[in-house]
Amino acid sequence: MPNMLRHEGKWEGTYRHIDRDGTLVDQHEMTTLCEFPAGGEFAYVQHNHLRWTDGRELKRSFGGAFRDGLLRWDTDRFAGYGWETREGVVMLKLDRKDEPGVHFIEMITLGSDNRTRARTWQWFRNGVPFRRTLCDEWRVT
């Protein structure tokens with residue numbers, strides 16, 4: 001996944017969760033740090049710091065291992081894998097362990113400036129689409 005390395009660094013962004021009717025159900029700001037350790041258990045580590053306008057905050061970190069040509073995750077909240085397309089688009093398929101029957105497909109597209117990216121999540125519950133997440137991010141380091 002050579003293009004995945006282009007995502008290394010710190011990103012700031014706005015995440016909007018929208019239901020099937022187009023209603024905004026959640027919005028928050030997030031700082032995401034993407035790391036590729038030179039050694040150890042994980043080939044990729046991500047740190048997220050979510051912030052809402054009402055003052056709530058949440059911090060989470062997780063790592064993924066590279067096996068069989070895929071980046072794989074298995075955490076307490078989700079399990080799944082990532083790959084990239086010929087065009088360098090990063091794709092993820094993640095099953096939510098904390099929400100049985102729920103999974104999402106994520107597409108991460110890096111802008112040609114290497115400073116911006118768009119992420120789109122398609123959420124499914126028992127095979128039926130029920131939510132979209134739209135993320136606009138910019139690189140800060």
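**Note on a predicted ten-strand barrel**

1. In the E1–E2 pairing, Glu-12 stands opposite Thr-31 in E2. Strands here are DSSP runs of E with at least two residues, numbered from the N terminus, and two strands pair if DSSP finds at least two bridges between them. E1 and E2 are joined in the antiparallel sense over 10 bridges. They make a hairpin with 4 residues between the strands, and Gly-22 in that turn has a positive phi of about 90°.

2. On the basis of the model: this is a predicted model, in which local features need pLDDT of at least 70 and side-chain atom pairs count only at pLDDT 80 or more, while totals for chains, interfaces and linings use all residues. Residues are numbered from 1 along each chain as its sequence is written, and side-chain values use heavy atoms, with hydrogens and water left out.

3. The overall fold is a closed barrel of 10 strands, in the order E1-E2-E3-E4-E5-E6-E7-E8-E9-E10, with antiparallel pairing. On average, neighbouring strands of this sheet are turned by 25° against each other, direction ignored; the axes behind this angle are lines fitted to C-alpha atoms, and angles run from 0 to 180 degrees between N-to-C directions.

4. E1 also pairs with E10, in the antiparallel sense over 9 bridges. Within that pairing, the bridge partner of Tyr-15 in E10 is Cys-135. Elsewhere in the barrel, strand E7 (residues 90-96) and strand E8 (residues 102-110) run antiparallel and are joined by 6 bridges. Asp-95 has His-103 in E8 as its bridge partner.

5. How many of the residues of E1 are buried? The count is 8 of the 11, so E1 is largely enclosed by the rest of the structure. Buried means under 20% relative accessible area, exposed means over 50%, and partly exposed lies in between (1.4 Å probe, protein chains only).

6. Gly-13 is found in strand E1 and counts as buried at 1% relative accessibility. Leaving out residues up to four places away in sequence, Gly-13 touches His-28, Glu-29, Met-30, Asp-136, Glu-137 and Trp-138; contact means heavy atoms within 4.5 Å. Gly-13 and Arg-117 are 104 residues apart in sequence, yet their C-alpha atoms are 9.2 Å apart in space.

7. The largest nonpolar core has 24 residues, and those that touch the most other members are Met-4, Tyr-44, Trp-73, Leu-92, Leu-94, Trp-121 and Trp-123. A nonpolar core is a set of buried Ala, Val, Leu, Ile, Met, Phe, Trp, Tyr and Cys residues joined through side-chain atoms within 4.5 Å. Strands that each supply at least two residues of this core include E1 (9-19), E2 (24-35), E9 (116-125) and E10 (128-139). E8 gives the most, with 4 residues.

8. Leu-92 can be followed through its contacts. Neighbours within four places in sequence aside, Leu-92 is in contact with Trp-73, Tyr-81, Gly-82, Trp-83, Phe-104, Ile-105, Glu-106 and Ile-108.

9. The structure holds 9 aromatic pairs. Rings of Phe, Tyr and Trp (its six-membered ring) pair if their centres lie within 6.5 Å; planes under 30 degrees apart count as stacked, over 60 as edge-to-face and the rest as tilted. One of the pairs is Tyr-15 with Trp-121, edge-to-face at 6.0 Å centre to centre and 80° between the planes. Tyr-15 lies in strand E1 and Trp-121 in strand E9, so this pair ties together parts that are 106 residues apart in sequence. Both rings belong to buried residues: Tyr-15 has a relative accessible area of 0%, and Trp-121 has 11%.

10. The rings of Trp-123 and Phe-130 have centres 6.2 Å apart and planes at 65°, so this pair is edge-to-face. Trp-123 is buried at 3% relative accessibility, and Phe-130 is buried at 14%. Ring pairs link Tyr-15, Phe-104, Trp-121, Trp-123 and Phe-130 into a cluster.

11. Why is Cys-34 too far from the closest cysteine sulfur for a bond? The closest cysteine sulfur, in Cys-135, is 12 Å from that of Cys-34, whereas a disulfide is a pair of cysteine sulfur atoms within 2.5 Å. By this rule the count comes to 0 disulfides. Cys-34 is buried, with a relative accessible area of 2%, and Cys-135 is buried at 2% relative accessibility.
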